[in-house]
Amino acid sequence: MSRLYKTEGVVLKHSYMGEADAVLSIYTPALGKLRAVARGAKRSKSRLGGHLEPLNHCSIMLARGRSLDIISGCDTLETFMPLRANLWLMSCGLYVAELTDRLGVEGTENRSLFQLLLNTLRSLSDGVHPGIALRYFDFRSMACSGYLPEIWRCVACGCALEMGSHQFSAPAGGLLCPDCAPALSSLQMISVNAIKVLRFFSRNDFSAIARLKLKPDVMREIEVVMQNYVTYVLDQEVNSAKWLNKLRGSGMWLTS
Ligand SMILES: [Zn+2]
């Protein structure tokens, strides 16, 4: 095995180690999540530091190390500049990065998750409504990590669901028919319009969702359902989701 190798990747987060080094979590197409060290990244004259900012899409050269691999070179491919100029958009980008970091597995390829991450950052940059981009990311990231919620049939008995409002159960993993719902707890009523949006998410790509327009109450409903589901799957709240709620409450954001 060669000591040096190259990969593209999106920087999900970095933390400093010692006086000058940084440990990065990077999401790659073929290697899944990759943790690597950038020596001297904290120094102001570092060649690497600027390229390795969170959310940057880079081409990275690495050398195999004993425990963590070491970044020896890096070129920036995309910086998603509009996100860096807007606190709300940047926070949305960091939410997407945190969720990818939690779902991604080190050394395990998941090209769909990588492409979804990249497409979500691009659509946030290109002005797609951030609320829609994030909920689409929630839904599709669950789907491509093996947690696709059941939204067409009752998750308990398998009957086809009639068009209408239904109960959603995060522990059961989807929608329930009126016969099965009473036997379960942790239910959330979800309206027919919100169910239609989730079904639209399951069948369409970014070019279609970019044109979607949703009423605020439907958007909010989907946000609550998906965040409950994501929290259940991860067995933990997403920190950046709490931060986004705080920002929204403070009115410090420019757009929702
Ligand atoms: Zn049922």
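**Exercise 1. Is Ser-169 buried or exposed, and what does Ser-169 touch?**

*Solution.* Start with accessibility: Ser-169 has 1% relative accessibility and therefore counts as buried (buried is under 20% relative accessible area, exposed over 50%, partly exposed in between, with a 1.4 Å probe and protein chains only). A word on the material: this is a predicted model, where local features need pLDDT of at least 70, side-chain atom pairs count only at pLDDT 80 or more, and totals for chains, interfaces and linings use all residues. Residues are numbered from 1 along each chain as its sequence is written, and side-chain values use heavy atoms, leaving out hydrogens and water.

Next, locate the residue: Ser-169 belongs to strand 6 (residues 166-169) (helices are DSSP runs of H or I with at least four residues, strands are runs of E with at least two, both numbered from the N terminus). Finally, list the neighbours: leaving aside residues up to four places away in sequence, Ser-169 is in contact with Gly-174, Leu-176, Ser-185, Ser-186 and Leu-187 (contact means heavy atoms within 4.5 Å).

**Exercise 2. Compare Ser-186 with Leu-55 in backbone, place and accessibility.**

*Solution.* Take the backbone first. Neither residue is a glycine, yet phi is positive in both: near 55 degrees for Ser-186 and about 80 degrees for Leu-55.

Then the place: Ser-186 sits in the loop between strand 7 (174-176) and strand 8 (187-190), while Leu-55 sits in the loop between strand 3 and strand 4.

Last comes accessibility: Ser-186 is exposed because its relative accessible area is 51%, whereas Leu-55, at 1%, is buried.

**Exercise 3. Describe the sheet and the helices that pack on it.**

*Solution.* Begin with the order: five strands form a closed barrel that runs 1-2-3-5-4, with mixed pairing (to pair, two strands need at least two DSSP bridges). On average, neighbouring strands are turned by 50 degrees against each other, ignoring direction.

Now pick one pair: strand 3 (residues 32-38) and strand 5 (residues 69-78) are parallel and share two bridges. Val-37 has Ile-70 of strand 5 as its bridge partner.

Add the helices. Helix 2 (residues 87-103) packs on the sheet and touches strand 1 (4-17), strand 2 (21-28) and strand 3, making about 110 degrees with strand 1. Helix 3 lies across strands 1, 2, 4 (57-63) and 5, at about 65 degrees to strand 1.

**Exercise 4. How do helix 3 and helix 4 meet?**

*Solution.* The axes of helix 3 (residues 111-125) and helix 4 (residues 130-144) come within 10 Å and cross at roughly 180 degrees. That is why helix 3 is roughly antiparallel to helix 4 (the term covers angles over 145 degrees).

Look at who makes the contact: helix 3 contributes residues including Leu-113, Leu-116 and Leu-117, and helix 4 contributes residues including Ala-133, Phe-137 and Arg-140. Sorted by type, the contact residues are ten nonpolar, four polar and one charged.

**Exercise 5. What does the whole chain look like in numbers?**

*Solution.* Count the elements: eight helices and eight strands. Then the extent: the C-alpha atoms fill a box of roughly 65 × 40 × 30 Å along the principal axes. The radius of gyration is 20 Å, which agrees with the value near 18 Å for a compact globule of 256 residues (C-alpha atoms; the rule is 2.2 Å times the number of residues to the power 0.38). To finish, 50% of the 256 residues are buried.

Key:
Axes fitted to C-alpha atoms, helices over the stretch in contact; angles between N-to-C directions. Parallel < 35°, antiparallel > 145°, perpendicular 65-115°, else oblique. Nonpolar A, V, L, I, M, F, W, Y, C, P; charged D, E, K, R; others polar.
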